[in-house]
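The following exercises are to be solved with the sequence and the coordinates at hand. Each task is followed by a worked solution.

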Amino acid sequence: MENGSSCFIPNVGLLNFAILLIIASSTLLLFRILYVIYRSSKQLHNRPPGPLSTLIVLGSESGFDFYPFDPNLGGHTAEMLNLLAVMQMERFKPRCYIAAATDNMSLQKARVMEDTLKNKAEAETVGTSDFMQIYRSREVGQSYITSVGTTLAALAHALWLMIKIRPQVILCNGPGTCIPLCAIAFVFKVFGIRWSSIFYVESIARVRRLSLSGLLLYKLRMADQIFVQWPQLKSKYPRANYVGRLM
C-alpha cells in the first residue's frame with residue numbers, strides 16, 4: 001500500500017501541473033486574441049511605408065437580397081474590380097488574385113484588368129500580379145453537413161496559399177472562399193507568424209443584412225475593418241463603417 005501511495009502522489013502532482021499549464025496557456029491565448037482584435041481596429045491609423053503585398057479574393061455569385069433587381073450591379077468579382085479601379089494600385093503590389101477552383105470567369109476578368117493597367121502605366125509602377133485558385137469550402141446550395149469535409153480541405157489549401165503568398169493586406173467582399181483565407185490570416189496574427197490586415201467591403205446587394213461571409217467576419221471579429229454601403233446595415237451592425245455606395 002505504501003508503495004502504491006508513493007507512486008500516486010507524483011502522478012497527482014504531474015496532473016495538477018498539466019492542468020495549470022493548460023489554464024495558463026489558455027489565458028495567454030485569450031489575452032493574445034483580445035490584443036489582436038484591439039490592435040486590428042487601430043490599423044487604419046498606421047500607414048506603413050512602401051507598397052503593400054495584397055491578396056484579393058474574387059467570387060462570381062451575386063447573392064442579391066433586395067428588389068427590384070438591378071442588372072448593373074454585377075457579382076462579387078465585378079464589384080471588386082470596380083473598387084480596384086478607383087484605388088491607388090501602386091500602393092498595393094504585388095497583387096495576388098484568388099478565386100474558387102470552380103470559378104472560371106473571375107480570374108480571366110482580373111487578368112484583363114491587369115493587362116489594361118500595364119498598358120496605361122509602366123510595369124514598375126503598377127507592379128506584378130499573380131492568379132491562383134482555391135478549393136471552395138461550400139458550393140451554392142450545398143448542404144451544411146456535406147460542407148464539413150470540403151471546408152476542412154479548403155482550410156488546408158488556404159493554409160498552404162497563405163504560407164506561399166504572405167500578404168500584408170487582404171481585400172474581400174463576400175464570396176465564401178474568403179472565409180478560410182481570413183481564418184488562417186487571423187490565426188497567423190494570433191501566433192505572431194504574419195500580420196495581414198483584412199478589409200471586408202460588403203456587397204452593394206446587401207441592404208438589410210450582412211452576407212454569411214460578412215456576418216462570420218463581423219461576429220468573430222476577424223476583419224480589421226468592415227465597410228457597408230447602406231445606412232440600414234450600419235444601424236444593425238454598429239461596428240461596421242458606412243461609406244455610401246462605392247460601385
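Two strands count as paired if DSSP finds at least two bridges between them. The model examined here is predicted.

**Exercise 1. Determine which residue of β4 stands opposite Thr-54, and how β1 is joined to its partner strands.**

Solution.
- Step 1. Thr-54 has Val-169 opposite it in β4.
- Step 2. The pairing of β1 with β4 is parallel and comprises three bridges.
- Step 3. β1 also pairs with β2, again in the parallel sense, over four bridges. Within β2, Cys-96 is the bridge partner of Leu-55.

**Exercise 2. Establish whether the residues on the two faces of β1 are buried or exposed.**

Solution.
- Step 1. In a regular strand, side chains alternate between the two faces of the sheet.
- Step 2. On one side of β1 lie Thr-54 and Ile-56, and on the other Leu-55 and Val-57.
- Step 3. The criterion for a buried residue is a relative accessible area under 20%. All four residues are buried, and both faces of β1 are thus covered.

**Exercise 3. Derive the strand order of the sheet and explain why one side of β3 and one side of β7 lack a neighbour.**

Solution.
- Step 1. The seven strands form an open sheet with parallel pairing, in the order β3-β2-β1-β4-β5-β6-β7.
- Step 2. β3 (129-134) and β7 (241-242) occupy the edges; each has a single partner strand, so one side of each has no neighbour in the sheet.
- Step 3. Helix α6 (residues 178-190) packs on this sheet and touches β1 (54-57), β2, β3, β4 (169-172) and β5 (197-201). The direction of α6 makes about 155° with that of β4.
- Step 4. The partner of β3 is β2 (residues 95-100), in a parallel pairing over six bridges. One bridge links Arg-95 to Ser-129 in β3.

**Exercise 4. Compare the annotated transmembrane regions with the secondary structure of the model.**

Solution.
- Step 1. The unreviewed UniProt entry carries the annotation "transmembrane region" for residues 12-38, 144-163 and 183-201.
- Step 2. Residues 144-163 are 85% helix and 0% strand, with end C-alpha atoms 28 Å apart.
- Step 3. Residues 183-201 are 42% helix and 26% strand, and their end C-alpha atoms lie 17 Å apart.

**Exercise 5. State how many helices and strands the chain contains, and what share of its residues is buried.**

Solution.
- Step 1. The chain has eight helices and seven strands.
- Step 2. Of its 247 residues, 43% are buried.
- Step 3. The accessible surface comes to about 13,700 Å², and carbon and sulfur atoms account for 64% of that surface.

Terms used
Residues numbered from 1 in each chain as written. Predicted model: local features only at pLDDT ≥ 70, side-chain atom pairs only at ≥ 80, totals over all residues. Heavy atoms only, no water. Contact = heavy atoms within 4.5 Å. Axes fitted to C-alpha atoms, helices over the stretch in contact; angles between N-to-C directions. UniProt positions renumbered as here; feature names shortened; annotations may be inferred. Buried < 20%, exposed > 50% of the residue type's maximum accessible area, 1.4 Å probe, protein only. Areas by Shrake-Rupley, 256 points an atom, 1.4 Å probe, with all protein chains shown as cover.
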